[in-house]
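Reader: I'm a first-year student, and I'd like a close look at one part of this protein. Please take me through its nonpolar core, and then outwards to whatever surrounds it.

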Amino acid sequence: MLVGPTGIQLCTDALFTGCVALSDRYQLSRHSHLLETKAQEKLAAEKYECSAVKHLQEIGFLDEKTSLAHGVWLNDTDIEILALTKSTIVHNPLSNLRLGSGIAPILKCLRAGVNISFGCDGASSNDSQDLLEAIKIGSILHNITDPDYRSWITPKQSVEMACLGGAKGLGVHNHLGSITVGKKADLVLYDLTALSLLPRTDPIGLLVLGRPVNVIDSVWVDGRPIVVNGKLTTIDIDELRQELFDRSGWEAGRESPTLGKIESHYRRIMSLST
C-alpha cells in the first residue's frame, strides 16, 4: 500500500501534503508522476514560479520513501534536489517514446546518485507490459546521449536497477530486491537452454539485450510457486485468452472521441502549428 497523488497537473498542494501526512503516520511509500511532458514543465513554471521538483521539495513530498514516474524534463538543479532528498525516478522509456514525451536524463541522474528503476507505465500509453523490454530500451536508449561508453548502463547494472532500485523506491529493499539470505523469495528461474538464449554468451546480457521468448521456467513470489515448468498456477490461460478475445475487436484507425476537445489546446500549449 502507498499514497499516490497523480501529479501536479491534476492535484492540489493540499492533496500532496495530505498524502505526506498519511505517509509519515503509517510509514507508507509515496508515488507520483513528474515532468512526463514539456507541457507539465510549463505548467509548473506558471503555477509555482519554480520547477515542479523544487515545489515538491518545499511542500515536503520528496524523501527516500518517494518514487516519481518519468522525470523526462528534469534540469540539473532538479536532479541535485532528487539526489539530496534520496527520491527515486521510475524510468518508463517505452511510453515516453510512444507518446513522444522525450528522453529522460537518466545518465545524469545516475552520476548524481539518484536511485533509478524501470517501469512499463500503463497499457494506455505502452502497448506492451514487458518489463524486460523496458529494461532493454531503457538501457541502450541513453547511449546516444553520451559518447563516453564508460558511462553507459550495462546489462548487470540494469538488472540491479530494476530489482533493487525498484525495492528502494518502495522502501522495501531490506525485504526484497536481491537474492539475499533473509529476504523474501521472489525469484524467476530462466531456462538458459531455450533457443532464444543460445548460443551461449553472457546470460545476463542475453536476457537484457536479446529477445528472450518462452524462457521462464519457474517463478516464486514470497516463496509461493506462481509458474511451474513454464505454466501459470494461478490463472487459466485458455479462459483468459478467450475472454480477452471476446471482449475486444479488430480495429484500425480508431480516433478518440475526446481528441477534438483537447487537440487545439495541446497544440497551443506546445507551440505547434494549427
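Author: Start with the term itself. A nonpolar core is a set of buried Ala, Val, Leu, Ile, Met, Phe, Trp, Tyr and Cys residues joined through side-chain atoms within 4.5 Å. Buried, here, means under 20% relative accessible area. Keep in mind that this is a predicted model.

Now the core. The largest one has 33 residues. Leu34, Leu74 and Ile89 have the most contacts inside it. Several elements each supply at least two of its residues. Among them are helix H1 (13-26), helix H2 (38-48), helix H4 (76-85) and helix H8 (155-170). Strand E5 (115-118) is another contributor. In general, nonpolar side chains tend to be buried together in soluble globular proteins.

Which residues does Ile89 touch, leaving aside its neighbours within four places in sequence? Two of them are Leu34 and Leu74, which share with Ile89 the most contacts inside the core. Leu68, Leu82, Ile106, Val114 and Ile116 are also in contact with Ile89. The list is not purely nonpolar in side chain: His70, Gly71, Asn115 and Ser117 complete it.

Next, look at the strands here. Ile89 belongs to strand E4 (residues 88-91). E4 has strand partners on record from two pairings. With E3, E4 pairs in the parallel sense over 3 bridges. Within that pairing, Leu68 stands opposite Ile89. With E5, E4 also pairs in the parallel sense, over 4 bridges. There, His91 has Phe118 as its bridge partner.

Are the faces of these strands covered or bare? Both faces of E4 are covered. Thr88 and Val90 are buried on one side, and Ile89 and His91 are buried on the other. E5 is covered on both faces too. Asn115 and Ser117 take one side, Ile116 and Phe118 the other, and all four are buried. The general rule behind this pattern is that side chains in a regular strand alternate between the two faces of the sheet.

Now the aromatic rings. The structure holds 2 aromatic pairs. One is Phe16 with Phe61, and it is edge-to-face. The centres are 5.1 Å apart, with 85 degrees between the planes. Phe16 lies in helix H1, while Phe61 is in the loop between H3 and strand E3 (66-70), so the pair ties together parts 45 residues apart in sequence. Both rings belong to buried residues: Phe16 has 1% relative accessibility, and Phe61 has a relative accessible area of 0%.

The other pair is Tyr149 with Trp152: centres 6.5 Å apart, planes at 75 degrees, so this one is edge-to-face as well. Its setting contrasts with the Phe pair. Tyr149 is exposed, at 54%. Trp152 is partly exposed, at 30%.

Trp152 leads to Asp146. Asp146 lies in the loop between helix H7 (131-140) and H8. It is buried, with a relative accessible area of 13%. Asp146 touches Leu107, Arg111, Ser151 and Trp152, not counting residues up to four places away in sequence. With Ser151, the side chains also make a polar contact of 3.1 Å.

One backbone detail comes next. Leu35 has a positive phi of about 50 degrees, although it is not a glycine. Most residues other than glycine have a negative phi. Leu35 is in the loop between strand E2 (29-34) and H2. It is buried, with a relative accessible area of 4%.

Finally, step away to other strands. 4 strands form an open sheet in the order E6-E7-E8-E9, with antiparallel pairing. Strand E6 (187-190) and strand E9 (231-232) are the edges, each pairing on one side only. E8 (residues 224-228) joins E9 through 2 bridges. Val227 has Leu232 as its bridge partner in E9. In the loop between strand E7 (216-221) and E8 sits Asp222. Asp222 also has a positive phi, about 55 degrees. Unlike buried Leu35, Asp222 is partly exposed, at 49%.

End with helix H10 (residues 237-246). How many of its 10 residues are buried? The count is 0, and the helix is hardly covered. At its start, a side-chain oxygen of Asp236 reaches to within 3.2 Å of the backbone nitrogen of Asp238.

Note on methods:
Residues are numbered from 1 along each chain as its sequence is written. This is a predicted model: local features need pLDDT of at least 70, side-chain atom pairs count only at pLDDT 80 or more; totals for chains, interfaces and linings use all residues. Side-chain values use heavy atoms; hydrogens and water are left out. Buried means under 20% relative accessible area, exposed over 50%, partly exposed in between (1.4 Å probe, protein chains only). Contact means heavy atoms within 4.5 Å. Rings of Phe, Tyr and Trp (its six-membered ring) pair if their centres lie within 6.5 Å; planes under 30 degrees apart count as stacked, over 60 as edge-to-face and the rest as tilted. Two strands pair if DSSP finds at least two bridges between them. A polar contact is a pair of N or O atoms within 3.5 Å; within protein, one must be able to donate a hydrogen and the other to accept it, and residues adjacent in sequence count only if both atoms are side-chain atoms.
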